[in-house]
Amino acid sequence: MHVLIVEDEKSLHDEVRQFLLESQYLVDSAHNYADASEKIFVNSYDFVLLDLGLPGGDGLDLLREARQNDRQEASFIILTARGALDDRIKGLDLGADDYLPKPFSLLELQSRMQAITRRKFGLKRQEIVFGPGFVMDVQGRVLRHGEQEVPLTKKEFDLLHYLVLHKNRVLTRLQLGEHLWGNVLEDDSDSNYIDVHIKNIRKKLSQFASADFLETVRGIGYRVAENN
Amino acid sequence: MRLEAKLALFNALSKLLLVLLGVAVIPAIVSRVAVAHTDQRLHEKKREVLDLIQRDGLVAFVRQEKQEAYADYNILKQEYISLTPELPRPKPAAPQERIFNEQRQVDDEVEDFRILSYQFEADNRPYRLEIGSSLATVELLEDTLRRLALWVLVIGAALTVVTDAAFARFLLRPLGDLISRKLHNVRHPSAFSFTPIPTTTTDFRQLDDSLNEMMHQMQSAFEKEREFMSNVSHELLTPVSILQTRFENMLQDPTLAHAHSLKLVDSQKTLYRLRNTVKTLLLIANIENDQYLREESVSLAAVVAEATNELEDRLAQRELHLRVLLEPDFVLPRANQTLLFTLIFNLLSNAIKYNREGGSITVTGVVPPQGGYHLSVADTGPGIAPENLPHLFDRFRRFHASGPKSPEGFGLGLPIAQTIANFHKATITATSEVGKGTTFTLEFQPIVAEQ
């Protein structure tokens with residue numbers, strides 16, 4: 001997967017780049033409008049992560065320009081701290097594939113990229129196998145063990161899916177909470193909703209098989225450990 | 001009351017006054033006119049008679065049988081002419097000609113007459129000529145004239161009332177256009193139409209131009225505000241963004257010592273707090289600066305359903321019983337669905353957070369007698385002390401804990417709720433009883449029909 005990061009804020013660019021490299025992406029960078037415009041025209045990317053406020057031009061113009069070029073098949077994800085509502089509407093109208101307001105979680109970025117990839121290649125029935133024989137049907141939102149269905153609530157499913165998607169990574173309660181509650185502003189970051197959810201998930205899973213793969217990392221968060 | 005209606009009313013009243021004045025004054029004028037007219041006719045008749053006497057001589061008038069007087073009456077006894085010889089007298093002291101009202105007997109009837117009496121000499125003999133016109137005739141004329149005048153007045157008044165109203169309507173049409181096109185349907189500066197209203201009236205032209213000018217200024221102020229907010233967002237959120245991604249990357253580092261990981265998680269918490277504060281302030285500022293649209297029609301029941309669906313697990317975790325009594329539903333014709341969701345979500349989320357385990361939450365919608373809609377969210381939590389109630393919606397105010405399970409503060413959820421409520425022209429109030437629970441009530445105004 002070839003990704004172009006269009007971002008003029010160097011520190012932010014570096015962090016995103018490091019994260020994507022570690023996640024086995026091929027990364028290219030542009031720090032201003034002209035540079036980005038040229039790179040998009042010359043190279044073929046799978047993803048363009050587009051910051052809107054760029055030196056030398058507006059990111060939305062870049063998107064428009066790229067969309068007029070038939071050869072371009074890159075998926076655009078707009079990353080902006082402008083927080084302006086109109087930009088979002090404009091971006092999606094012009095054919096951006098997704099939109100992430102800054103500040104965003106890198107894990108969230110990655111799961112959006114995976115979702116776009118799934119959509120693009122028409123993977124209708126995506127199944128993830130994990131732990132001792134659990135099979136997650138992402139589209140159907142069903143978790144199975146063998147022929148049996150594990151009854152999870154909507155939030156429990158989302159939480160487990162997120163952990164499985166980022167397996168072998170420790171996810172903090174904040175990261176999990178942000179994924180579950182999205183843009184809703186929660187001011188009690190100390191709440192134990194995530195812990196209760198995990199406890200319930202473990203209880204449900206262990207009726208079918210061992211739930212030990214869902215680990216607690218003391219003081220930090222939770223992790224789904226790779227089983228092979 | 002609309003200007004057009006006022007003008008029409010004023011117009012009608014002034015015409016009515018005119019008619020009343022006419023009714024009061026016309027009889028007097030008409031009777032004068034009628035008398036003057038009669039007098040003039042008598043004078044004319046007198047001239048005719050004198051002319052005849054001159055031409056034919058007095059002899060033609062003198063009746064043989066009576067030898068001394070001549071009189072002629074018409075059949076209806078409306079007029080008479082009499083010629084009477086008079087005793088020779090010294091030059092008359094009385095005026096030669098007089099007009100007066102007097103009774104005269106004609107045949108067997110006595111009637112009031114207006115009489116012109118004239119003394120003259122013919123054949124060296126003084127004669128007196130009397131020409132009379134029945135007063136009944138004069139009154140008849142007077143009556144006819146009076147009726148005619150009144151009818152003309154009434155019809156004229158009625159006609160002008162109608163034409164004046166039509167003309168006023170025509171004249172005021174640009175004003176109506178101005179109000180309906182430029183004032184009524186504008187909810188957002190960007191929705192303003194700058195097309196000039198067609199009018200030749202200078203005042204309206206001026207009004208329209210100043211309105212356009214003002215709106216231009218507002219739009220530019222609005223744009224500046226938007227740009228400012230956008231820049232502030234960028235300046236505040238970019239550093240947060242850098243730190244957030246950096247912390248995330250650092251946490252993935254397998255060589256990181258556990259103690260440092262704990263510190264990082266703690267820093268992440270602090271950063272989230274900062275982030276949420278910044279986002280909340282930006283949200284409130286953006287709502288207050290009207291940067292959000294109000295263009296969707298939103299059903300409150302649907303929003304409540306959406307929010308409770310999201311909060312299902314939390315309700316279950318605390319074993320809370322939720323009752324939703326939204327019959328009838330209320331549909332806001334112009335609202336922002338996302339913001340209303342945030343509002344309801346915040347209220348429900350608070351009701352869950354500050355409830356007792358196994359308690360209940362009741363969402364009730366009622367239509368009050370004066371119209372509109374009241375949506376209330378009641379919990380069975382520890383309640384809020386009366387002294388804290390007025391400050392519930394203050395930003396960044398924290399309370400001293402008054403019990404082991406009582407909230408130390410509602411954070412920014414309620415100020416957001418209040419801002420969103422105001423954005424939708426609703427008010428939010430809280431009532432609470434310590435030990436029993438708290439009820440938040442949203443009062444929506446009645447829907448005003450669109451023009």
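Select first the buried residues of helix α7 of chain B: B:Gly413, B:Leu414, B:Pro415, B:Ile416, B:Ala417, B:Gln418, B:Thr419, B:Ile420 and B:Ala421. A residue is called buried if 20 or more other C-beta atoms lie within 10 Å of its own, exposed if 12 or fewer do, and partly exposed in between, with C-beta atoms placed from the backbone. The model is predicted: local features need pLDDT of at least 70, side-chain atom pairs count only at pLDDT 80 or more, and totals for chains, interfaces and linings use all residues. Residues are numbered from 1 along each chain as its sequence is written, while chains are lettered from A and ligands numbered from 1 in the order in which they are written.

**Chain B: helix α7 and an annotated span**

Extend the selection to residues 413–423, the whole of α7(B), which is mostly covered, with nine of its eleven residues buried. Helices (H or I, at least four residues) and strands (E, at least two) are DSSP runs, numbered from the N terminus. Now display what covers the buried residues of α7(B), including α4 (258–288), α6 (337–353), β11 (427–433) and β12 (437–444) of chain B. After α7(B) comes B:Lys425, whose phi is positive, near 55°.

Next, select residues 148–172 of chain B, where UniProt places the feature "transmembrane region" in an unreviewed entry. UniProt positions are given in the numbering used here, feature names are shortened, and annotations may be inferred rather than shown by experiment. In the model this span is 100% helix and 0% strand, and its end C-alpha atoms lie 35 Å apart.

**Chain A: overview**

Turn to chain A, which contains eight helices and 14 strands. Of its 228 residues, 37% count as buried. Among the contacts in chain A with a separation of 6 or more, 56% are between residues 24 or more positions apart. Two residues are in contact if their C-beta atoms, placed from the backbone, lie within 7 Å.

**Strand β3 and A:Asp51**

Select A:Asp51, which lies in strand β3 (residues 47–51) of chain A. At this position UniProt places the feature "modified residue: 4-aspartylphosphate", from an unreviewed entry. A:Asp51 is buried because 25 other C-beta atoms lie within 10 Å. Leaving aside residues up to four places away in sequence, A:Asp51 touches A:Val6, A:Glu7, A:Asp8, A:Gly59, A:Leu79 and A:Thr80.

Colour the rest of the strand: five of the five residues of β3(A) are buried, so the strand is largely enclosed by the rest of the structure. A:Phe47, A:Leu49 and A:Asp51 face one side, and A:Val48 and A:Leu50 the other.

Add the partner strands. Strand β1 (residues 2–6) of chain A pairs with β3(A) in the parallel sense over four bridges, and strand β6 (residues 75–80) of chain A pairs with β3(A) in the parallel sense over five bridges. Two strands pair if DSSP finds at least two bridges between them. A:Leu49 is a useful residue to label: A:Leu49 is the bridge partner of A:Ile5 and stands opposite A:Ile77 in β6(A).

**Helices α6 and α8**

Select residues 154–165 and 193–205 of chain A, which are helices α6 and α8; they pack at an angle of about 90°, with their axes 10 Å apart. That angle makes α6(A) roughly perpendicular to α8(A). Axes are lines fitted to C-alpha atoms, for helices over the stretch in contact, and angles run from 0 to 180 degrees between N-to-C directions. Angles under 35 degrees count as roughly parallel, over 145 as roughly antiparallel, 65 to 115 as roughly perpendicular and the rest as oblique. To see the contact, show A:Lys155, A:Glu156, A:Leu159 and A:Leu160 in α6(A), which meet A:His197, A:Asn200 and A:Ile201 in α8(A).

**A three-stranded sheet**

Three strands of chain A form an open sheet in the order β12-β14-β13, with antiparallel pairing. β12 (171–172) and β13 (214–217) each have a single partner strand, so one side of each is left without a neighbour in the sheet. Between β13(A) and β14 (residues 221–224) there are four bridges; A:Leu214 has A:Val224 as its bridge partner.

**Where the chains meet**

Finally, show both chains: 35 residues of chain A are in contact with 40 residues of chain B. On the chain A side, α1(A) gives the most, with seven residues.
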